Amino acid sequence: MISARTDWFSDRLKPLLAVWPVALVINGLLFVAYAANPLLVSDGWYYLDVFLRKGIEHDLALRDFFVRRAGVDHSQPLLKLIYLVELWFFELDFVPQAILGFACAIGIAYVIKRNLNKDIKEDGNGWIAWLGFAAVLTPLLSLNSGAVWTWPDVSVQYVIFLVVAVFFSLFASALVRGRGVAAAIAATVLTTVVASDVSTIAVIASVVAALLRYRSFRHDGWRTVAAVVVAFLVTDAVLYLITPVVGGAAASTDTGRLLLAQLPNAWEWIVLPLANALVSFERLRALVPHHVVLTQVLLACLLAGCHVGFWVSFFRSPTTRSRTFAAILMLFFYGLVGGIIVSRVTVFGSDYLNSPRYILYYQFNLVALVIMLCARAVDAGHMTRARWIAAGLAACYVALQLPLSVHAWRAAPYHRSAYQLFARQIDLMRKDPRNTPERCAPQLPICRMGPEKRSVLISLLYDHRLNLYSRPVMEVHGLPAPDGSLR
């Protein structure tokens, strides 16, 4: 009876599985194209100084792709390469990298679908893989946080996470099947090169997942684990030797003491990442302005219960590629949150976990939960009552995307107005480097630089007609021209 109901349901679900991903992609892509910031902000000014300037002056060397600041920073060679492409082909418009990040988020969902497909035999359950694809796309392309898609330097991180997802997939396949170890090693090297410190978390998560179910993997699984660890350590050591450090401040040596000082708020280390994954702090303030903290606690409790079910399923169910991938991804999420706590919360406090840009990291726990749910459905070939309840919760999350999307689109014109303000303030500093505009935007580190550095960097853009001084960029994004008029 349950199987018959499932067949009836799956037949009627298939049209939705085609329409929903298309609607997500169209809505998200239009939002990115309209609301993403085309201007240099935050770290972009640092990269203009130490990297792009050399690209403009045709003086780049390979080691420049690995330059980083002292302290908590990442070399980000792949991001620098993308910057260079935007310099060559887009006059330093940064929206293309946001669109690239959007495309790579879809790529991550496709990698997950392929893993589900490999676990599905010819038993008529191919619809489960498509359901997983549509469900995974939902958090990845969600407009839950404006910063994920309006800040291109955040959006483009999906490029790195696509590489990480491929690594997870190859590693899980090598553990389960005992083949493809060479591919896993190659993916390890690539991940270590392009993902910087994130690669450390990715490798640790993979090794821990292997240890948790070591008896379930093939007898030669230890060889895979050892090969990946060695490849990571060797590649990381080489990168350390060739990475130049330019600027920045040394990392604090009092991390332990600072972390202890935050212990009274340790409950927020669990609540805020989980709650923000479902509904971001900025969206909650708009939806339930008087009950934000209570709502966050309730959402976190709901999701924490799902995590318990996740690990019960992982330990009690047969080992498959998808289930192994899901466990690695969940541990990866824990590691990312731990990294934020150690590097940021110790400095800025627990409230920093509400930062909109970190929603990109938090969403991975939802993706892992969806993969595990689909893996359970693949095992049984049908949906049990518990799985129907989980699917119902997932459907509620899908329905939640409508108000989240509406709120994001309503805020989009204000983002564009902010970009126009940024452009005016930058141009004021070009005309008079010694004078800092009143209420200079915190997103513009150029406001806090000395007159000489300001003059050099802004003149670099002006003289080569790049970014806000590029006519195509001004016209496409409605930015003010240097004389102050809008084009």
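# Notebook: helix pairs and buried loop asparagines

I started with the surface: the protein chain has an accessible surface of about 21,700 Å², and carbon and sulfur atoms own 64% of that. Note to self: this is a predicted model.

**Overall look.** I counted up the secondary structure next and got 20 helices and two strands in the protein chain. Of its 487 residues, 52% count as buried. I also looked at contacts with a separation of 6 or more, and 75% of those in the protein chain are between residues 24 or more positions apart.

**H10 against H11.** How do I describe two packed helices? By the angle between their axes and the distance between the axes. For H10 (residues 197-212) and H11 (residues 221-242), I have an angle of about 165° and axes 11 Å apart. That angle is over 145°, so I call H10 roughly antiparallel to H11. The crossing of H10 past H11 is left-handed. I then listed who meets whom: Ser199, Thr200, Val203, Val207, Ala210 and Leu211 come from H10, while H11 brings Trp222, Val225, Val228, Val229 and Phe232. Sorted by class, this H10 and H11 contact holds nine nonpolar residues, two polar ones and no charged ones.

**H13 against H16.** The second pair I checked was H13 (residues 267-278) with H16, where the axes come within 11 Å and cross at roughly 120°. H13 and H16 are therefore oblique to each other. I noted a right-handed crossing for H13 past H16. On the H13 side I found Trp269, Pro273 and Leu274, which meet Phe333, Val337, Ile341 and Val345 of H16. The class split for the contact of H13 with H16 is seven nonpolar, no polar and no charged.

**Asparagine 354.** I followed H16 (321-348) to its end and went into the loop between it and H17 (359-380), where asparagine 354 lies. Is asparagine 354 buried or exposed? Its relative accessibility is 10%, and the cut-off for buried is under 20%, so asparagine 354 counts as buried. Which residues does asparagine 354 contact, leaving aside neighbours within four places in sequence? I get Leu272, Asn276, Phe281 and Gln296. I also took a C-alpha to C-alpha distance from asparagine 354 to glutamate 282: 8.3 Å in space, with their positions 72 residues apart in sequence.

**Asparagine 467.** Another loop asparagine: number 467 sits between H19 (451-463) and H20 (471-477). Asparagine 467 has 0% relative accessibility, so I put it down as buried. Its phi is positive, about 55°, although asparagine 467 is not a glycine. Not counting residues up to four places away in sequence, I listed its contacts as Pro38, Leu39, Leu40, Glu91, Leu92, Phe94, Leu461 and Val473. For leucine 40, I looked up the C-alpha separation from asparagine 467 and found 7.4 Å, with the two residues 427 apart along the chain.

**Leucine 92.** Leu92 was one of the contacts of asparagine 467, and I went there last. Where is leucine 92? It lies in the loop between H3 (77-90) and H4 (95-119). Leucine 92 is buried, with a relative accessible area of 0%. Phi of leucine 92 is near 65°, again a positive value in a residue other than glycine.

Terms used. Residues are numbered from 1 along each chain as its sequence is written. This is a predicted model: local features need pLDDT of at least 70, side-chain atom pairs count only at pLDDT 80 or more; totals for chains, interfaces and linings use all residues. Side-chain values use heavy atoms; hydrogens and water are left out. Axes are lines fitted to C-alpha atoms, for helices over the stretch in contact, and angles run from 0 to 180 degrees between N-to-C directions. Helices (H or I, at least four residues) and strands (E, at least two) are DSSP runs, numbered from the N terminus. Angles under 35 degrees count as roughly parallel, over 145 as roughly antiparallel, 65 to 115 as roughly perpendicular and the rest as oblique. A crossing is left-handed if the near helix is turned anticlockwise from the far one by less than a right angle, and right-handed if clockwise. Contact means heavy atoms within 4.5 Å. Ala, Val, Leu, Ile, Met, Phe, Trp, Tyr, Cys and Pro count as nonpolar, Asp, Glu, Lys and Arg as charged, and the others, Gly among them, as polar. Buried means under 20% relative accessible area, exposed over 50%, partly exposed in between (1.4 Å probe, protein chains only). Accessible areas come from the Shrake-Rupley method with a 1.4 Å probe; for residues, only the protein chains shown count as cover.
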